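The following exercises are to be worked through with the sequence and the structure at hand. Each task is followed by a solution in steps.

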Amino acid sequence: MPHILILNGPNLNRLGKREPDVYGTDTLTDLEQKLFQFAEGIQTELTFFQSNHEGDLIDALHEAEEQYDGIVLNPGAFSHYSYAIRDAVAAIGIPVIEIHLSNPHAREAFRHRSVIAPVARGQITGLGFEGYKLAICYFMNTNNK
Ligand code: DQA
C-alpha cells in the first residue's frame with residue numbers, strides 16, 4: 001500500500017484560530033483525522049508532520065526519500081521565498097505535490113510566486129482540505145511514483 005507523508009509548514013498548526021475567513025474553522029487535527037479516514041478507505045497509509053521551522057522541514061524531506069512513495073507538502077509562507085526548501089525538494093527522488101488550502105494567486109502579490117512549484121510534480125491550490133485528498137489520490141497510481 002502506498003505510504004504518503006503529509007508535511008505541513010509554518011502556522012498551519014494555527015488552523016481553526018488563524019484567519020478563519022481565509023482558512024476556515026477546522027483545526028490541523030481535524031484535517032489529519034479527515035485525511036486518515038479518507039486514506040483508510042483507499043488503502044493508503046499516511047504519516048503527518050508539521051513544523052514551523054525551515055530546517056526541520058528540510059530534514060523531513062531528506063529522510064522521507066527512504067520511507068515514502070510521495071509527499072504532500074504545504075510549505076506555508078516558505079513557498080514564496082525558501083530556496084532551501086526548494087533545493088530539498090529537488091534533492092530527493094520521490095515526487096512532491098505542493099498544496100495550498102487557499103488560492104495564493106487570488107491573494108496578495110507576494111503570494112503569487114512559488115519557488116517550490118518548478119521542482120514540484122504539481123500544485124493544487126484553493127480547494128481547502130479536498131485538495132489534500134486529490135493529492136493523495138495521485139499517489140494511488142503506482143506509475144506516478
Ligand atoms: C498557505 C498559503 C500561504 O501563502 C500562506 O503563507 C500559508 C498558507 C495555504 O495553505 O493557503 O501559510 O500555504
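A salt bridge is a side-chain nitrogen of Lys or Arg within 4 Å of a carboxyl oxygen of Asp or Glu. The model examined here is predicted.

**Exercise 1. Salt bridges**

Task: Determine which residue forms a salt bridge with Asp-26, and classify both partners by accessibility.

Solution.
- Step 1. The partner of Asp-26 is Lys-34, with the closest N and O atoms 2.8 Å apart. This pair satisfies the criterion because the cut-off is 4 Å.
- Step 2. Asp-26 has a relative accessible area of 27% and is partly exposed.
- Step 3. Lys-34, at 39% relative accessibility, also counts as partly exposed.
- Step 4. Over the whole structure, a search finds 4 salt bridges.

**Exercise 2. A network of charges**

Task: Establish which residues are linked with Glu-108 in a network of salt bridges.

Solution.
- Step 1. Glu-108 forms a salt bridge with Arg-107, where the closest N and O atoms are 3.8 Å apart.
- Step 2. Glu-108 forms a salt bridge with Arg-111 as well, the closest N and O atoms being 2.7 Å apart.
- Step 3. Arg-107, Glu-108 and Arg-111 are thus linked in a network.
- Step 4. Within this network, Glu-108 is partly exposed at 37% relative accessibility, whereas Arg-111 is buried, with a relative accessible area of 14%. The assignment for Arg-111 follows because buried means under 20% relative accessible area.

**Exercise 3. The sheet**

Task: Give the order of the strands in the open sheet and identify which strands stand at the edges.

Solution.
- Step 1. The sheet is open and contains 5 strands in the order 2-1-3-4-5, with parallel pairing.
- Step 2. The edges are occupied by strand 2 (45-50) and strand 5 (122-125); each has a single partner strand, so one side of each lacks a neighbour in the sheet.
- Step 3. On average, neighbouring strands of the sheet are turned by 20° against each other, direction ignored.
- Step 4. Helix 3 (residues 54-67) packs on the sheet and touches strand 1, strand 2 and strand 3. The direction of helix 3 makes about 175° with that of strand 1.
- Step 5. Strand 1 (residues 3-8) and strand 3 (residues 70-74) run parallel and are joined by 5 bridges. Asn-8 stands opposite Asn-74 in strand 3.

**Exercise 4. An aromatic pair**

Task: Decide whether the rings of Tyr-138 and Phe-139 are stacked or edge-to-face.

Solution.
- Step 1. The structure holds 2 aromatic pairs.
- Step 2. In the pair of Tyr-138 and Phe-139, the ring centres are 5.4 Å apart and the planes stand at 80°, so the arrangement is edge-to-face. The cut-off for this class is over 60 degrees.
- Step 3. Tyr-138 is partly exposed at 26% relative accessibility, while Phe-139 is buried, with a relative accessible area of 2%.

**Exercise 5. Positive phi**

Task: Locate Glu-19 and Gln-43 in their loops and state the phi of each.

Solution.
- Step 1. Most residues other than glycine have a negative phi.
- Step 2. Glu-19, although not a glycine, has a positive phi of about 30°. Glu-19 is placed in the loop between strand 1 and helix 1 (20-23), and it counts as partly exposed at 38% relative accessibility.
- Step 3. Gln-43, likewise not a glycine, has a positive phi of about 50°. Gln-43 lies in the loop between helix 2 (28-41) and strand 2, and it counts as exposed at 51% relative accessibility.

Methods. Residues are numbered from 1 along each chain as its sequence is written. This is a predicted model: local features need pLDDT of at least 70, side-chain atom pairs count only at pLDDT 80 or more; totals for chains, interfaces and linings use all residues. Side-chain values use heavy atoms; hydrogens and water are left out. Buried means under 20% relative accessible area, exposed over 50%, partly exposed in between (1.4 Å probe, protein chains only). Two strands pair if DSSP finds at least two bridges between them. Helices (H or I, at least four residues) and strands (E, at least two) are DSSP runs, numbered from the N terminus. Axes are lines fitted to C-alpha atoms, for helices over the stretch in contact, and angles run from 0 to 180 degrees between N-to-C directions. Contact means heavy atoms within 4.5 Å. Rings of Phe, Tyr and Trp (its six-membered ring) pair if their centres lie within 6.5 Å; planes under 30 degrees apart count as stacked, over 60 as edge-to-face and the rest as tilted.
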